[in-house]
Amino acid sequence: MDDPDVAFMLDFARGNDEAFVTLYRSYRDRMVSYCMRLLGDRAQAEEAAQDVFLKLYGARASYQPQSRFSTYLYRIATHHCFNLRARVERKLVARGLPIEEHASGARDAADAVANDELRAALSEALSSLPANQRAALVLVHHEGLSYREAAGVIDVSESALKSLVHRARETLTGRLATWLPASAEVKHAL
Amino acid sequence: MRCEDVKAAFVAAHYAKSELDVKAQAHLAVCVSCNEFCGAQLGLDSLLAAAPDATPRPGFDTRFFARLEGVKKDTKHAERAGVAPRRVTRWSWLALALPLTAAAAVSLVVWQRHSAQLVEQARQDEAIARDLELVENLPVVQQLDEVEAYEVLAEANVDDLDRAMRAPDDTHDARDTNAVNPAGAP
Ligand SMILES: [Zn+2]
């Protein structure tokens, strides 16, 4: 496979810890950002990103290069964040609390910055999306993965992925309607 | 072409960075609903840009590599335990079961008493460690650490050092006692 990061991972699997550190440094910021977008809470996202690299470390013996390395790492991160989110939601349900308002602490972070109302509205709208729609949107929109790569990360077909992204965007435009600029003539933008 | 198909094609083309096909463009030119939807989609891009990338806060690497060291140690222990020879006969577990159960029951009682204290202690330690991480990377602090270490060594009496090397546990106990009861009151 023509992916230098796969070569690093194989090197690490053969026992070279330096190769692991190289991968960690290359993907650290991207993983923190990605987990932040899936979980909405900075402290939780940092913890999750660290978990992802610890899982990567533990997976060295069983690693088989079947995709680009980034796809492999995004898969670990996505599944981990899904699990974390499901765990939080189960706890909230058990306590009889509404999921939407408590699943994300992003509003705390957003409050601290300028333009915080928009950011708060955005993170609330994002946290209202089902986990797979949110991941599909973040992978394609923010992480710049192709439909095919993103589909590989969350284990769905390419057409299902397109549909997830479409529904996510549809929901967001509905929820953020008041923030959207007055509808423009689209044909000129094409 | 149905509106739903045009909307789906618009979002797909948006991410594939490809042109919308001619039929969809023709539909869009006359359909108010699709035009509004697609306009909102373009607006959504600017809203999504309001959520910037999150960068790890200071101390992230320190915390990560500390956790990694922990994992490495655990792995080594597990590997050692895994290859350790076990001479267990078919019924030998019975000879172990009763005393182990009794010991476990006693341990549980003791552990329950101490676990709350340990958890609280661990929480405090973690908070302190996090605070320290924020300052420990400053060059000034690192230099101070070095200077301080030399100063302590320079001030130490040779006999004291010798005693400390021979009986580290005694020294530790004495220091703990002093810390609890610094005035030496009974
Ligand atoms: Zn239409």
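This is a short dialogue on reading a predicted two-chain model, with the contact between chain B and chain A as its main subject.

Visitor: Before we start, what conventions apply to this predicted model?

Guide: Residues are numbered from 1 along each chain as its sequence is written, while chains are lettered from A and ligands numbered from 1 in the order in which they are written. The model is predicted, and local features need pLDDT of at least 70, side-chain atom pairs count only at pLDDT 80 or more, and totals for chains, interfaces and linings use all residues; side-chain values use heavy atoms, with hydrogens and water left out.

Visitor: Let's begin with chain B. How many helices and strands are there in chain B?

Guide: Helices (H or I, at least four residues) and strands (E, at least two) are DSSP runs, numbered from the N terminus. Chain B has 8 helices and 0 strands, so its elements read α-α-α-α-α-α-α-α from the N terminus on.

Visitor: What percentage of the residues in chain B is buried?

Guide: Buried means under 20% relative accessible area, exposed over 50%, and partly exposed in between (1.4 Å probe, protein chains only). Of the 186 residues in chain B, 18% are buried. Chain B exposes about 14200 Å², and 61% of that comes from carbon and sulfur atoms; such areas come from the Shrake-Rupley method with a 1.4 Å probe, and for residues only the protein chains shown count as cover.

Visitor: And what share of the contacts in chain B is between residues 24 or more positions apart?

Guide: A contact means heavy atoms within 4.5 Å. Among the contacts in chain B with a separation of 6 or more, 55% are between residues 24 or more positions apart.

Visitor: Now the interface. What area is buried between chain B and chain A?

Guide: The size of an interface is often given as the accessible area lost when the parts come together. Buried area is that loss for two parts (1.4 Å probe), summed over both. Here it is about 4200 Å², with carbon and sulfur atoms giving 64%. Tyr15(B), Leu47(B) and Arg67(B) lose the most area on the chain B side, together 16% of what that side buries.

Visitor: How many residues does each chain bring, and which helices of chain B take part?

Guide: Chain B brings 41 residues and chain A brings 47. There are 17 residue pairs in polar contact across this interface, both residues being at pLDDT 80 or more. A polar contact is a pair of N or O atoms within 3.5 Å; within protein, one must be able to donate a hydrogen and the other to accept it, and residues adjacent in sequence count only if both atoms are side-chain atoms. On the side of chain B that touches chain A, α1 (3–16), α2 (22–30), α3 (32–48) and α4 (60–83) each supply at least two residues. Helix α3(B) gives the most, with 13 residues. That side divides into 25 nonpolar, 6 polar and 10 charged residues, where Ala, Val, Leu, Ile, Met, Phe, Trp, Tyr, Cys and Pro count as nonpolar, Asp, Glu, Lys and Arg as charged, and the others, Gly among them, as polar.

Visitor: How many salt bridges are there between chain B and chain A?

Guide: Side chains of opposite charge can pair when their charged atoms come close. The rule for a salt bridge is a side-chain nitrogen of Lys or Arg within 4 Å of a carboxyl oxygen of Asp or Glu. The structure holds 18 over all chains, and the count between chain B and chain A is 9.

Visitor: Which two residues meet at 2.8 Å?

Guide: Asp61(B) and Arg28(A) do, N to O. Asp61(B) lies in helix α4 of chain B and Arg28(A) in helix α2 (residues 17–39) of chain A, so this pair joins two chains. Asp61(B) is partly exposed, at 23% relative accessible area. Arg25(A), Arg28(A), Asp29(A) and Asp61(B) are linked in a network of salt bridges.

Visitor: Are Arg169(A) and Asp45(B) buried or exposed?

Guide: Both are buried. Their side chains form a salt bridge at 3.0 Å, N to O, running from helix α10 of chain A to helix α3 of chain B.

Visitor: Finally, what does Gln133(A) touch?

Guide: Not counting residues up to four places away in sequence, Gln133(A) touches Leu164(A), Arg167(A), Ala168(A) and Thr171(A). Gln133(A) sits in helix α8 (residues 131–142) of chain A and is buried, at 7% relative accessibility. A polar atom of its side chain lies 3.5 Å from the backbone nitrogen of Ala168(A).
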